[in-house]
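Q: I'm new to reading protein models and I'd like a close look at one part of this one. Could you pick the part near the start of the chain and walk me through it, then tell me how it sits in the whole?

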Amino acid sequence: MVQLAEQVRGERGARMVLSMIADPNDAPTGRVLARVGGVETLRLIDDAQASVPGMNRADGIAWRNRMATRIPDDLTDRLAQAKASGIAALIPADEHWPQSLNDLGPRAPFVLWARGATSMLTGDVKERVTITGARAATSYGMTVTGEIADDLARREHIIVAGGAYGVEGEAHWAALAAGGSTVAVMAGGVDRLYPSGHAEMLGRIGDLGTLVSEAPPGAEPTRHRFIARTRLMAALSGTTVVTEAGIRSMAMLVPVEARNLDRGAGAVPGPVTSAASTGANELLKRGIADVVTDPKDVRELMGHVEESTPARSGLLDRTITPSTPSLQEQARSL
């Protein structure tokens with residue numbers, strides 16, 4: 001059997017291979033990679049006699065065995081296909097590698113596969129905001145999401161979301177409609193437009209914005225990859241906003257990851273009678289998120305306090321009548 005380290009050249013190739021054989025959010029492998037680099041990490045997987053830096057002998061054997069069982073027979077072909085796909089494979093040494101991902105430490109992705117304008121991943125992390133929430137969003141959640149995303153996109157902030165149905169799809173569509181910039185963080189390969197019902201939208205993002213994933217081309221989205229993706233959605237932006245989410249929504253993980261990274265987190269309070277808002281309300285009750293009632297609140301979380309009015313009248317203004325309790329009052333009543 002050809003040794004792993006003999007199948008690649010350089011750090012980029014080694015990290016591409018690691019993304020194909022290791023689980024995402026694999027901190028033990030990340031710690032080895034940070035110590036010795038990609039090529040040496042592959043050599044350590046091959047060499048049963050070598051000690052693994054940072055691990056005792058038993059842990060090193062267990063790590064090596066776990067990694068070895070995940071090496072596919074057609075790894076060489078997969079690597080060649082990925083290189084020929086035209087999909088960018090960004091590594092930390094690259095100009096367009098998002099430096100904010102380095103805050104994840106050993107949990108940072110080995111490589112970031114990308115389609116589109118990778119320059120959107122650079123610059124001040126405060127200029128990017130992640131919007132996430134319920135897939136089965138109500139008209140309330142969709143309205144608030146569209147208003148916030150539209151306002152931020154028109155002010156040239158970059159909207160980050162996961163491409164899912166409901167809140168995330170609305171955030172992407174609003175950014176595109178405003179002529180703004182948006183990044184979709186995929187759970188599978190960036191060549192697998194999932195969900196299929198959003199293929200048109202994701203295709204447009206690949207052309208006009210950026211599709212990114214830590215999973216290699218061809219990889220299927222799995223539950224583990226969806227969970228692992230939440231840390232990337234949090235790390236890519238300076239602020240995360242949950243506009244609507246149930247208590248069991250996976251979107252709840254993103255603001256938690258954001259707070260762990262000392263990022264801003266906000267949530268839009270919703271009716272206490274709505275199951276779709278129980279998660280967002282819980283984030284507020286626990287102090288994980290700050291109250292967000294309009295785009296200006298989000299801009300303040302991002303560190304942008306602007307006096308000028310948004311480019312169009314707010315949907316929130318039109319949907320709340322004088323006889324309706326304000327969102328602030330609803331939040332205080334929780």
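A: Here is a walk through the helices near the start of the chain, followed by the wider picture.

First, keep in mind that this is a predicted model. Let's begin with helix α2, which covers residues 27-36. Which of its residues are buried? They are Ala27, Thr29, Gly30, Val32 and Leu33. An α-helix has 3.6 residues a turn, so residues three or four places apart point the same way. And what do the buried residues of α2 pack against? Their partners are α1 (10-21), α3 (38-46) and α4. Just past the end of α2 comes glycine 37, with a positive phi of about 85°.

Now step back to the loop between α1 and α2, where you'll find asparagine 25. Its phi is positive too, about 65°, even though asparagine 25 is not a glycine. That's worth a second glance: most residues other than glycine have a negative phi, and most peptide bonds are trans. Is asparagine 25 buried, exposed or partly exposed? With 30% relative accessibility, asparagine 25 counts as partly exposed.

The loop also holds two aspartates that pair up with arginines. Side chains of opposite charge can pair when their charged atoms come close. Take aspartate 23 and arginine 70: they form a salt bridge, and their closest N and O atoms are 3.0 Å apart. Arginine 70 sits in the loop between α4 and α5 (75-84), while aspartate 23 is in the loop between α1 and α2, so this pair ties together parts that are 47 residues apart in sequence. Both partners are partly exposed: arginine 70 has a relative accessibility of 33%, and aspartate 23 has a relative accessible area of 28%.

The other pair is arginine 66 with aspartate 26, whose side chains meet in a salt bridge at 2.9 Å, N to O. Here again distant parts of the chain are linked, with arginine 66 in helix α4 and aspartate 26 in the loop between α1 and α2, 40 residues apart. Are these two buried or partly exposed? Arginine 66 counts as partly exposed at 31% relative accessibility, but aspartate 26 is buried, with a relative accessible area of 7%.

Helix α4 (residues 57-68) has another arginine to look at, arginine 64. This one is buried yet has no salt bridge. How far away is the nearest side chain of opposite charge? That is aspartate 47, and the distance is 6.0 Å. A salt bridge needs the nitrogen and the carboxyl oxygen within 4 Å, so a pair farther apart than that doesn't count. Still, arginine 64 has contacts beyond its neighbours within four places in sequence: Leu44, Ile45, Asp47, Ala48, Ala50 and Val52. As for Asp47, it does take part in a network of salt bridges, together with Glu40 and Arg43.

So much for the close-up; now the rest of the chain. A search of the whole structure turns up 16 salt bridges. One of them joins arginine 231 and glutamate 214, with the closest N and O atoms 2.8 Å apart. Arginine 231 is in helix α9 (residues 223-235) and glutamate 214 is in the loop between β6 (210-213) and α9, so the pair ties together parts that are 17 residues apart in sequence. Both arginine 231 and glutamate 214 are buried.

There are a couple of backbone oddities farther along as well. Glutamate 156, in the loop between α6 (139-154) and β4 (158-161), has a positive phi near 70° without being a glycine. Glutamate 156 is exposed, with a relative accessible area of 70%. Then there's a cis peptide bond joining tyrosine 194 and proline 195, with omega about 0°. You'll find proline 195 in the loop between β5 and α8 (199-208).

Finally, zoom all the way out. The protein chain has 14 helices and 9 strands. Its radius of gyration is 21 Å, close to the 20 Å that the globule rule gives for 334 residues, so the chain is as compact as a globular protein of that length. Buried residues make up 54% of the 334 residues. And of the contacts with a separation of 6 or more, 74% come from residues 24 or more positions apart.

How values were computed:
Residues are numbered from 1 along each chain as its sequence is written. This is a predicted model: local features need pLDDT of at least 70, side-chain atom pairs count only at pLDDT 80 or more; totals for chains, interfaces and linings use all residues. Side-chain values use heavy atoms; hydrogens and water are left out. Helices (H or I, at least four residues) and strands (E, at least two) are DSSP runs, numbered from the N terminus. The radius of gyration is taken over C-alpha atoms; the globule rule is 2.2 Å times the number of residues to the power 0.38. Buried means under 20% relative accessible area, exposed over 50%, partly exposed in between (1.4 Å probe, protein chains only). Contact means heavy atoms within 4.5 Å. Lys and Arg count as positive and Asp and Glu as negative; His and the chain ends are not counted.
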